[in-house]
Amino acid sequence: MGCLDHEGRPAMSAHEHHHHGTGHHHRHGWRHRLKHVVTPHSHDSADKVDSALEASREGMRALWISLVGLGVTALLQAVVVVLSGSVALLGDTLHNVADALTAVPLGIAFWLGRRAATRAYTYGFGRAEDLAGIVIVLVITASAAASAWFAVDRLLDPRTMTHLPWVFAAGLIGFAGNEIVARYRIAVGRRIGSAALVADGLHARTDGFTSLAVVLAAGGAWLGWGWADPVVGLAITAAIAFVLKDAAREVYRRLMDRVDPELVDHAERALRAVPGIRDVSGLRLRWIGHRLHAEAAIVVSAELSLLAAHEIAADAEHQLTHDVPRLTAATVHVDPDSHPGDQHHHELSHVRRDRLAALSG
């Protein structure tokens with residue numbers, strides 16, 4: 001049969017079958033199920049676009065709220081810096097201000113991701129999120145390097161810390177503010193499927209560790225342990241390195257088109273449950289930003305008419321977008337059970353062209 005695009009556009013293949021199926025993206029949860037019961041169930045493909053745009057809006061909202069939260073945190077720390085004159089706290093405050101600005105590339109990525117696909121960028125601009133994730137990983141790397149540098153410098157050149165109560169309080173403010181922002185960013189990032197936003201949340205967590213180092217160092221200085229400040233700084237550097245590993249792994253997997261194997265199993269089960277599908281000969285999923293795209297090859301009876309096969313493909317696309325969270329696009333290819341799998345495509349193409357050539361000759 002042919003490659004069937006769910007949005008009514010010609011499929012990018014040699015086959016001449018256009019699929020005008022519809023579908024939508026569903027979130028699973030008690031609120032959505034309640035809404036599903038009491039409101040009409042739309043089959044308009046625009047529902048999927050609206051859900052994807054809403055995810056982008058939610059990501060932008062998370063960035064703005066967390067940016068304000070980090071700004072307030074840095075402002076409170078700056079007040080304490082003025083009162084205490086602590087150079088260590090000044091460094092931590094400037095660090096928090098600079099790292100809060102990582103929301104800028106991620107915000108640009110969310111804005112780009114909402115742009116419609118073009119003839120040149122046929123999949124849209126969702127990959128901008130992954131590029132922003134690389135920037136965030138680089139910033140975390142720089143944070144770890146800076147933390148190690150200052151810790152070693154303080155170890156080689158010890159200095160007396162003053163105004164300990166103020167420094168202690170400001171360190172707690174910095175840790176609390178960053179941890180709240182980190183939890184919020186990570187929760188929203190996982191909910192909408194944005195690896196970059198999750199990485200940015202992990203980045204905020206590293207900033208919290210840095211602020212906590214100020215607290216522990218102040219406590220050690222109060223006890224008369226002059227070595228506490230640099231030693232704690234080195235320990236925090238190690239903690240940042242672990243966070244860096246998690247963030248880098250998250251972004252790397254997204255760049256390499258990795259998806260959870262359980263998600264693939266779930267999508268395959270959804271396809272096999274569609275009446276008329278005899279087998280699933282191929283299934284691929286990939287993330288583009290925080291949206292999932294699917295390509296599926298299904299096997300149906302060779303005795304079916306083109307219209308009947310088309311209906312099964314439309315049903316398959318609908319079930320995928322219905323059952324798989326954050327799936328906004330699906331392309332379904334139909335094979336007859338007499339020639340299942342793409343290994344027959346080359347042979348069928350030559351047979352068809354030979355037949356057409358014989359008829360024209």
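How many helices and strands does the protein chain have? Good morning, everyone. The answer is 11 helices and four strands, and please keep in mind that this is a predicted model.

Let me start with the chain as a whole. There are 361 residues in the protein chain, and 44% of them count as buried. The accessible surface adds up to about 18900 Å², with carbon and sulfur atoms accounting for 64% of that. I also looked at contacts between residues at least 6 apart in sequence: 71% of these join residues at least 24 apart.

Now to the helix pairs. The one I'd like you to find first is H6, residues 164–192, with H7, residues 195–222. Their axes lie 7 Å apart, and the packing angle is about 160 degrees. Anything over 145 degrees counts as roughly antiparallel, so that is the label for H6 and H7. Their crossing is left-handed. As for who takes part, the contact of H6 with H7 has 21 nonpolar residues, alongside seven polar and seven charged ones.

Two glycines are worth a stop here, one in each helix of the pair. Glycine 189 belongs to H6, and glycine 201 sits in H7. Are they buried or exposed? Glycine 189 has a relative accessibility of 1%, and the cut-off for buried is under 20%, so glycine 189 counts as buried. Glycine 201 is at 0% and is buried too.

Which residues do they touch, if we leave out those up to four places away in sequence? For glycine 189, the list is Ser194, Leu197 and Val198. For glycine 201, it is Ala182, Arg185 and Ile186. There are some C-alpha distances to go with that. Glycine 189 is 7.1 Å from glycine 59 in space, although 130 residues separate them in sequence. Glycine 201 and valine 188 are 13 residues apart along the chain, with 9.4 Å between their C-alpha atoms.

Let's move along to the other pair, H9 and H10. H9 covers residues 261–272 and H10 covers residues 306–323. Here the axes are 9 Å apart and the angle is about 140 degrees. That value does not get over the 145 degrees needed for roughly antiparallel, so H9 and H10 are described as oblique to each other. H9 passes H10 in a right-handed crossing. On the H9 side, the contact uses His266, Ala267, Ala270 and Leu271, and H10 brings Ala316, Gln319, Leu320 and Asp323. Sorted by class, that contact has five nonpolar residues, two polar and one charged.

Last, a couple of backbone details, for those of you who like to check phi. Where is aspartate 257? You'll find aspartate 257 in the loop between H8, residues 228–255, and H9. Its phi is positive, about 60 degrees, although aspartate 257 is not a glycine. The relative accessible area of aspartate 257 is 26%, so this residue is partly exposed.

Arginine 326 is the other one to look at. This residue is in the loop between H10 and strand E4, residues 327–336. Its phi is near 65 degrees, again a positive value in a residue other than glycine. With a relative accessible area of 23%, arginine 326 is partly exposed.

That's the tour, and thanks for listening!

Terms used:
Residues numbered from 1 in each chain as written. Predicted model: local features only at pLDDT ≥ 70, side-chain atom pairs only at ≥ 80, totals over all residues. Heavy atoms only, no water. Axes fitted to C-alpha atoms, helices over the stretch in contact; angles between N-to-C directions. Parallel < 35°, antiparallel > 145°, perpendicular 65-115°, else oblique. Left-handed = near helix turned anticlockwise from the far one by under 90°. Contact = heavy atoms within 4.5 Å. Nonpolar A, V, L, I, M, F, W, Y, C, P; charged D, E, K, R; others polar. Buried < 20%, exposed > 50% of the residue type's maximum accessible area, 1.4 Å probe, protein only. Areas by Shrake-Rupley, 256 points an atom, 1.4 Å probe, with all protein chains shown as cover.
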